[in-house]
Amino acid sequence: MTIKAASKEIKHLNLEQSLCKDNLEELKNVLLSQMRENRDLSLDLSNVIKIDSMGLGILVVIYKKITSSGGLFQIVNPTADVIKLLELTQLDKKFNVVYS
């Protein structure tokens, strides 16, 4: 998994590959670390090809932690498959999904 950080005000992370049980521990650690540094988090999913139920669970946990502290959580440029999954689970209504 590759994770690249960009901005300082809103922490913008580019996630690559997949959000599946095989790589979630690393992702969880990185996201929790970023949350300690920044209240706002933007996840670019334009290169994510697969998300399993555990990956969705991590996104929900991060969303709840950030928004409960008044922060902004957004998903940026999800792929078509990720959009379908978010719509199927109705997380597209909960998450702030941004297309650029």
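# A guided tour

Guide: Let's start just after H2, where Gly70 takes a positive phi of about 85°. Helices, and strands too, are DSSP runs numbered from the N terminus (H or I and at least four residues for a helix, E and at least two for a strand). This is a predicted model in which local features need pLDDT of at least 70 and side-chain atom pairs count only at pLDDT 80 or more, while totals for chains, interfaces and linings use all residues. Residues are numbered from 1 along each chain as its sequence is written, and side-chain values use heavy atoms, with hydrogens and water left out.

Visitor: Which residues have a positive phi although they are not glycines?

Guide: Asn77, with a phi of about 50°, and Gln90, with about 65°. Asn77 lies in the loop between S4 and H3, and Gln90 in the loop between H3 and H4.

Visitor: How do you know whether the span of H2 agrees with what its residues should give?

Guide: The expected span of a helix is 1.5 Å times one less than its number of residues. H2 has 16 residues and should therefore span 22 Å; its end C-alpha atoms are 22 Å apart, so the two agree.

Visitor: What makes a residue of H2 buried or exposed?

Guide: Relative accessible area: under 20% is buried, over 50% is exposed, and in between is partly exposed (1.4 Å probe, protein chains only). In H2 the buried set is Gly55, Leu56, Ile58, Leu59, Ile62, Tyr63 and Ile66. Seen down the helix axis, these buried residues fall within an arc of 155°, so they line one face of H2. That arc is taken over the directions from the helix axis to the C-beta atoms. On the other side of H2, Ser53, Lys64 and Ser68 are exposed.

Visitor: What covers the buried residues of H2?

Guide: The cover includes S2, H1, S3, S4, H3 and helix H4 (91-94).

Visitor: And what makes Asp52 a cap for H2?

Guide: A polar contact is a pair of N or O atoms within 3.5 Å; within protein, one must be able to donate a hydrogen and the other to accept it, and residues adjacent in sequence count only if both atoms are side-chain atoms. A side-chain oxygen of Asp52 lies 3.1 Å from the backbone nitrogen of Met54, at the N-terminal end of H2.

Visitor: Why is a set of residues called a nonpolar core?

Guide: The name applies because the members are buried Ala, Val, Leu, Ile, Met, Phe, Trp, Tyr and Cys residues joined through side-chain atoms within 4.5 Å. The largest one here has 25 residues, and Leu19, Leu43, Leu45, Phe73 and Phe95 touch the most other members. Elements that each supply at least two residues are S2 (11-19), H1 (24-37), S3 (41-51), H2 (53-68), S4 (73-76) and H3 (80-88). The largest share, 6 residues, comes from H2.

Visitor: Which residues is Phe95 in contact with, leaving aside neighbours within four places in sequence?

Guide: Contact means heavy atoms within 4.5 Å. For Phe95 the partners are Leu59, Val60, Tyr63, Phe73, Ile75 and Leu86.

Visitor: Why does Leu86 count as buried?

Guide: Leu86, in helix H3, is at 2% relative accessibility, so it counts as buried. With neighbours within four places left aside, Leu86 is in contact with Leu56, Leu91, Asp92, Phe95 and Val97.

Visitor: Gln74 is in strand S4; why does Gln74 count as buried?

Guide: Its relative accessibility is 14%, so Gln74 counts as buried. Both faces of S4 are covered, with Phe73 and Ile75 buried on one side and Gln74 and Val76 on the other.

Visitor: What makes polar contacts with the side chain of Gln74?

Guide: The side chain of Ser42, at 3.4 Å, and the side chain of Asn96, also at 3.4 Å. Ser42 is found in strand S3 and has a relative accessible area of 1%, so Ser42 is buried.

Visitor: How do you know that S3 and S4 pair?

Guide: Two strands pair if DSSP finds at least two bridges between them. S3 and S4 are joined by 4 bridges and run parallel, with Leu41 opposite Phe73 in S4.

Visitor: How far apart in space are Val97 and Asn77?

Guide: C-alpha to C-alpha, they are 7.6 Å apart, with their positions 20 residues apart in sequence. Val97 is found in strand S5 (residues 96-98).
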